[in-house]
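Here is a friendly walk through one molecular structure, from its rings to its charges and its backbone. Keep the 3D view open as you read.

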Amino acid sequence: MNSRNSRIRSNWTNYLYPLPALLMVLIFLITPVVFVFYTSFTDWDLLHPMEFVGLKNYVKIFSDVNLLISTRNTLIWVVLILAIPMVLGLLLAVFINNVWFSNKIKSIFYIPLAMSGAGIGIIWRWIFSRSGLLNSFLVSAGIFSEPKSWLLNVPDNTLAMVIATTWQVTGLNMVLFLMGLQNIPGEVLEASKIDGASEWQTFTRIILPLLKPITTIVIILNIIGSFKVFDIIWVMTAGGPARSSETLAVSMYKEAFGLFRMGYGSAIAVVLSLIIFAIGIGYLKIVAREE
C-alpha cells in the first residue's frame, strides 16, 4: 500500500515540473490570442464597453480602400523581397564560398542581422531624407538639380524601404545559401569539371538543383517576413503619405492603436495571422519532407 501511494505521489510530482511553462504559455500566448479573436467580433474604442457586431469587421476588410492599398503594398513587398535580397544572398554566398578570404569578409554581412529594424529604419530614413546622404551625393554629382523627397513620393518611398530591408535580410539569406553550398559534395563538382562542364553549366545544372531544399526555406522565410514587416516602415514613413505606403501589419497597428478601432484592428490581425499560419504550415511540411 505504501509503495502504491509513493508511486502515485511520484507521478503527480512529474506533472508539476512543466506546470510553470504551461502557465506562461496560457497567460502570455493563448489568452492574448483568444482575446484578440473575440475582440475582432466587437466594436471597441477602449473608452466604451465592447459592442458585439458579428462579422461586420471582417466584411469591412474586403471593402476598405485603405486595406486594399495595404494588401497591394504587401504583395509588392513580397515580390521585391523575393527578387532582390534573395538573389543577392545567393550571389554573395556563391562569391564567398569561392574566395580564400571568405572568413574575413563574411562577418561584414552579419552586422545588419545584429541591428534592430527601428535602428535600420533611422539610418536609411536619414540616407533618403531631403538633406540626407543620397540627395547630397546626387546633387553634388550634378545628377539632380535639387534634392528629391524620396520618402514622400509613391512608389519611391516603397522602393527606399525595400532597399533598407534588403540591407537587413540579405546577410541572413547569404548564410542560409552558404550552408547549402557547403553541404554539396565536392565529388559531384569535381565530376562535372572532368566531364567538361563550364562554370555556368555547373552552377545552373548542378548547384542550383542541389540548393532546392534551402531555396524553398529561404523563399518561405522571406514571404513570412514580408507579411510581418512593420518597424522599418513605421520608422521611415509611418505608412504615409496619406496611408499610401502601409502594409497589412502597419494598417493593423494604425487602426487599433492610432484610430482606436480595436475590433477592426483585431480582425486585420486575425486575417494576417491566418495567412502567416498557412505559410508556416507549408514551411513545416516542406522541412518534414526534406528530413
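## Rings, charges and backbone

The structure holds 13 aromatic pairs. One of them brings together Phe128 and Trp150, whose ring centres are 6.3 Å apart with the planes at 70°, so this pair is edge-to-face. It links distant parts of the chain, since Phe128 belongs to helix 7 (residues 117-128) and Trp150 to the loop between helix 8 and helix 9, 22 residues apart. Before going further, please keep in mind that this is a predicted model.

Are these two residues buried or exposed? Phe128 counts as buried at 7% relative accessibility, and Trp150 counts as buried too, at 14%. A second pair has another geometry: the rings of Phe230 and Trp234 have planes at 15° and centres 5.7 Å apart, so they are stacked. Here Phe230 is partly exposed, with a relative accessibility of 23%, and Trp234 is partly exposed at 31%.

Back at Phe128 and Trp150, there is a wider group to look at. Together with Trp124, Phe144 and Trp167, these two residues form one aromatic cluster. Trp150 also has a charged partner: the charged end of Lys148 sits over the Trp150 ring, 4.6 Å from its centre. A similar arrangement involves Lys60, whose charged end sits over the ring of Tyr264 at 4.3 Å from the ring centre.

### Salt bridges

Now for the charged pairs. Side chains of opposite charge can pair when their charged atoms come close. In this model the count comes to five salt bridges. Three of them are set out here.

| Salt bridge | N to O distance |
|---|---|
| Glu246 and Arg243 | 2.7 Å |
| Arg261 and Glu255 | 3.0 Å |
| Glu246 and Lys254 | 3.2 Å |

Salt bridges that share partners join Arg243, Glu246, Lys254, Glu255 and Arg261 into one network. Glu246 appears in two rows of the table, with Arg243 and with Lys254.

How buried are the members of this network? Glu246 has a relative accessible area of 0%, so it is buried. Arg243 is buried as well, with a relative accessible area of 15%. Lys254 reaches 17%, and because buried means under 20%, Lys254 still counts as buried. Glu255 is buried at 1%, whereas Arg261 is partly exposed, with a relative accessible area of 37%.

### Backbone points to check

Most residues other than glycine have a negative phi, and most peptide bonds are trans. Four places in this model are worth a look with that in mind.

Arg243, already met in the salt-bridge network, has a positive phi of about 65° although it is not a glycine. Arg243 lies in the loop between helix 13 and helix 14. That loop also contains Pro241, set between helix 13 (231-236) and helix 14 (248-258). A cis peptide bond joins Gly240 to Pro241, with omega about 0°.

Phe260 is another residue with a positive phi, about 55°, although it is not a glycine. Look for Phe260 in the loop between helix 14 and helix 15 (262-290). At 42% relative accessibility, Phe260 counts as partly exposed.

Which residues flank the cis peptide bond with omega of about 5°? They are Val154 and Pro155. Pro155 has its place in the loop between helix 8 (133-140) and helix 9, and Trp150 of the aromatic cluster is also in the loop between these two helices.

### Helix 9

After that loop comes helix 9, which covers residues 156-182. How far does this helix of 27 residues reach from its first C-alpha to its last? The span is 38 Å, close to the 39 Å expected at 1.5 Å a residue. Along the way there is a kink of about 40°, centred on Val169. Helix 9 is mostly covered, with 19 of its 27 residues buried.

Technical notes. Residues are numbered from 1 along each chain as its sequence is written. This is a predicted model: local features need pLDDT of at least 70, side-chain atom pairs count only at pLDDT 80 or more; totals for chains, interfaces and linings use all residues. Side-chain values use heavy atoms; hydrogens and water are left out. Helices (H or I, at least four residues) and strands (E, at least two) are DSSP runs, numbered from the N terminus. The expected span of a helix is 1.5 Å times one less than its number of residues. The bend at a residue is the angle between axes fitted to the seven residues ending there and the seven starting there. Buried means under 20% relative accessible area, exposed over 50%, partly exposed in between (1.4 Å probe, protein chains only). A salt bridge is a side-chain nitrogen of Lys or Arg within 4 Å of a carboxyl oxygen of Asp or Glu. Rings of Phe, Tyr and Trp (its six-membered ring) pair if their centres lie within 6.5 Å; planes under 30 degrees apart count as stacked, over 60 as edge-to-face and the rest as tilted. A charge sits over a ring if NZ of Lys or CZ of Arg is within 6 Å of the ring centre and within 35 degrees of the ring normal.
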